[in-house]
Each structure stands twice: as C-alpha cells, then as structure tokens.
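Got the viewer open? Let's take a walk through the model, one selection at a time.

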Amino acid sequence: MARFPIDEFKELATPFYFYDLTLLDRTLAEIKRTSRDERFRVHYAIKANANPGILRRIQASGLGVDAVSGGEILAAIDAGFHGEQIVYAGVGKTDAEIRLALNNGVGCFNVESEPELDIIDEIASSLGLKANIALRINPNIDAHTHEYITTGLAENKFGINLDQLPDIIEKVLRLDHINLSGLHFHIGSQITEIEPFLMLCETINRIQDEWTERGVEFKTINVGGGLGIDYADPDRHPIPDFEGYFKAFRNHLRLRPEQELHFELGRSVVAQCGSLITRVLYVKEGTTKRFAIVDAGMTDLIRPALYNAHHRIENISSPNDVKHHYDVVGPICESSDCFGKDEMLPAIRRGDFLALRSAGAYGEIMASQYNCRTLPSSYFYEK
Ligand SMILES: Cc1ncc(COP(=O)(O)O)c(C=O)c1O
Ligand SMILES: N[C@@H](CCCC[NH3+])C(=O)O
C-alpha cells in the first residue's frame, strides 16, 4: 500500500485528487530513458489530465503534447509548451479551433476525414499559412480493450479507412495550403498486451511499403498512445513497462532513414501518480449488504460508472484492522454511483479516509458538477 501523509489530510476538504509528484518525475525520467532514440518524439495526451501543476512538470521534462480541442491547445500553451510541440487530433475540429491551432503554429494536425481536410486547407489559405498534417488511418485492429475505448476498428468513428487512402493522398498532394507530413494511428486505450502494438507495426510496414512503391515517403509516423497500466495492483507496477513498449516499435517498425516516430501517451504517464481521496460519511447496514457511503461520487471519478472500471480501494486511516465486506458508494442519485461491490476492506468508520488508486488519468479531467456539486480540488505531494 502506498504511503499517504494522512495527518495533513485532516485539515483538507474532501474529496480531492492527491498527486505524488515524485512518482510522476520518476515516470517521466523512465520515459526519457527508454525512448532515447533521436527518431522518437513522445507527446503527452493532455486529455488524460490537464491540471496545470501536472502539465508544468511534464513540460519541464521535454515531452510534446497531443491535444484534442482548442481548450487543450490553450492549456498546453499556458503550461509553457510551444505551438510546434503540439499535435492536434480529433474527429470534430471546429473552424474556430482550426484557426486557433493555425495561429498558434501547431506542429501537426492529425486529420480524420476528407471534408476536414478541405476546411483546414480553406482556413489556412485565408490566413496565408500552410498546415502540416498527418492522415489518421483506421487500421482495423482489435486492441483487446473495453469496447468504449477501442478506436481502431472499422466500425469506430475515428480515422480514414485504408481503402480511401489513395484518393485522399492524391488530393492532399494537390492542395496548396496543406503539407502532408505523415500518417497517424491510434488503436485504443488501456492496452495491456504487446500483441496489438505488434499488429500495428505490421500494418504500418505494409502501408509504407505500398506507398514507397508509388514514390511517396512520409516524414513522420505517429502510433498514438494506448499503453495500459496495472489497476489491480498499482504498487506492483507504479511505472508501466515503457522499456517493452518502445522496444516493440524499435524492433518491429521499419522506419525509413530520417523518419520520425511519434507517440501520444496519456494514461501511462499520469495514472499511477494520482489517487482520489475521500472521507467516509456513513456506514449503513442494509439487509444483505453493508455500505460505506463516501463523499466522492461518480462526478469526481466517472470511470467505474462509465466503463465498469475498478480502481483499487484502500482504507488508509486504519489499514491493519480486521476486514469486512463493503459496497463503497457515493452520494449521487444514480445506482451506478458505486466504486466497488463486496470489497474486503479493513473495518471502516465514519471519518476514515479511503484512497481510490490509479486515478491520475481520466479522473479529475472527467469530473462534472452533476447534482450541482463542487469540482474536486488537488493536492500535490513530494517526498
Ligand atoms: C488520438 C489519441 N491519442 C492518444 C490517446 C491517449 O491514449 P492513452 O491515454 O491510452 O495513452 C488517445 C486516447 O485514447 C487518443 O484518442
Ligand atoms: N477516458 C477513458 C479513455 C478514453 C481515452 C481517450 N481516447 C478512460 O478513462 O479510460
């Protein structure tokens, strides 16, 4: 079990996100070490967590940014990232967002459809600029992950299907305000096996060979993100296997000379450094169940309600007490507002602090104010 400075929590309003910056720094150092290759560029997928305190740390480590909205581009710039370090993706970019991205000199647009291409060309022309783009391909690969977060199947809304690629490339090469930089892929999130990434490498090798034959070379290949983390036992793997991940691409993707390989990692960068800390309000004995009712709800951490995800729950006030079964539930008026059923936890009392672990990614950033609740605050910790 991770150590928390619990005496300091007593004065704080709950729920709040606890961020272990020492672990974040160790994670960033490991990414730097394992991705050391002059052809590799790692971008942080800001959608995972855009807390300014986290972003500044990531910016200082030298990573770029993958943004999916105008708001994310602005958050990145506020945190000190330069426009050219930002790649801008998304199936539904608005005209205003495209303009904002062009005016801030974003490094690359990951384009997801032909009509989007036309609009970027038109807006770039009106601004007298040229947009650098990569075409996002839907490679039809099963990432073996939750159906809501798989993105690379033909039935998903993302990217351009492979059979449409020749027509689109032919068109891109004719557009005056577009510069085709490369190809982009992202097959899904929370991928815990290496095999889908190897299949992605194979697909990219095949596509590249076909285009080399046609005389077209790409400056960049972007393989997206998706590296999963250990939700069941965060202390066993506080830092994901970046070594194995980067090695898979280094060994299996046939990069062309001078070609850059881009990555867009989100969850694996920030998930394990964050925990949602909540206070127990009541312990309620039902007829068949014992409920621990806590002051955090699905508004603070929606992943269990949305994906049936499970975050490890720890009673950090009395970790060594005798264990009982509890359903750990929040105060929101939805039955899905439940963090765990039949959890075996050390005896819980009113006022105890519980930690919901591995919540640094897609936690705080997905919080809402449903039921007119206050958004959770954050607490930074450094050893
Ligand atoms: C295009 C794109 N890139 C990168 C990411 C980051 O993924 P992950 O947090 O799984 O690394 C996502 C989210 O799944 C995405 O949609
Ligand atoms: N928000 C999701 C992942 C989706 C990632 C964005 N494409 C999660 O919590 O797991």
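## Start with the whole chain

Among contacts in the protein chain between residues at least 6 apart in sequence, 73% link residues at least 24 apart. Keep in mind as you click around that this is a predicted model.

Show the chain as a cartoon: it has eleven helices and 17 strands. The C-alpha trace spans about 70 × 40 × 40 Å along its principal axes. A compact globule with 383 residues would have a radius of gyration near 21 Å, and the protein chain has 22 Å, which agrees. Colour by burial and 44% of the 383 residues count as buried.

## Split it by domain

Next, select 6-15 plus 272-381 and give that one colour: this is domain 1 in the domain assignment. Give 21-270 another colour for domain 2. The C-alpha centres of domain 1 and domain 2 lie 33 Å apart. Where they meet, 17 residues of domain 1 are in contact with 20 residues of domain 2. On the domain 1 side, the largest share of what touches domain 2 comes from strand S17 (residues 377-381), with three residues.

## Into the core

Which residues touch the most other members of the largest nonpolar core? Select Ile86, Tyr88, Phe109, Ile120, Ile133 and Leu354; the core they belong to has 93 residues. Strand S6 (residues 131-138) supplies the largest share of this core, five residues. Both domain 1 and domain 2 contribute at least three residues each. As background, nonpolar side chains tend to be buried together in soluble globular proteins.

Now centre on Ile86. Leaving out residues up to four places away in sequence, Ile86 touches Gly64, Val65, Ala67, Ile73, Ala76, Phe81, Val106 and Gly107.

## Last stop: helix H8

Select residues 195-213, which form helix H8. At 1.5 Å a residue, its 19 residues should span 27 Å, and the end C-alpha atoms are 27 Å apart, so the two agree.

Show side chains on Phe197, Leu200, Ile204 and Gln208: are they buried or exposed? They are buried. Because these residues cover an arc of only 65° around the axis, they sit on the same side of H8. Turn to the other side and you'll find Arg206, Asp209 and Glu213, which are exposed.

What do the buried residues of H8 pack against? Add strand S9 (220-222) and helix H9 (242-252) to your selection; those are the partners. Finally, click on Gly215, which follows H8 and has a positive phi, near 85°.

Definitions and conventions:
Residues are numbered from 1 along each chain as its sequence is written. Chains are lettered from A and ligands numbered from 1 in the order in which they are written. This is a predicted model: local features need pLDDT of at least 70, side-chain atom pairs count only at pLDDT 80 or more; totals for chains, interfaces and linings use all residues. Helices (H or I, at least four residues) and strands (E, at least two) are DSSP runs, numbered from the N terminus. The expected span of a helix is 1.5 Å times one less than its number of residues. A residue is buried if 20 or more other C-beta atoms lie within 10 Å of its own, exposed if 12 or fewer, and partly exposed in between; C-beta atoms are placed from the backbone. The arc is that of the directions from the helix axis to the C-beta atoms. Two residues are in contact if their C-beta atoms, placed from the backbone, lie within 7 Å. A nonpolar core is a set of buried Ala, Val, Leu, Ile, Met, Phe, Trp, Tyr and Cys residues joined through C-beta atoms within 7 Å. Domain bounds come from an automatic or database domain assignment. The radius of gyration is taken over C-alpha atoms; the globule rule is 2.2 Å times the number of residues to the power 0.38.
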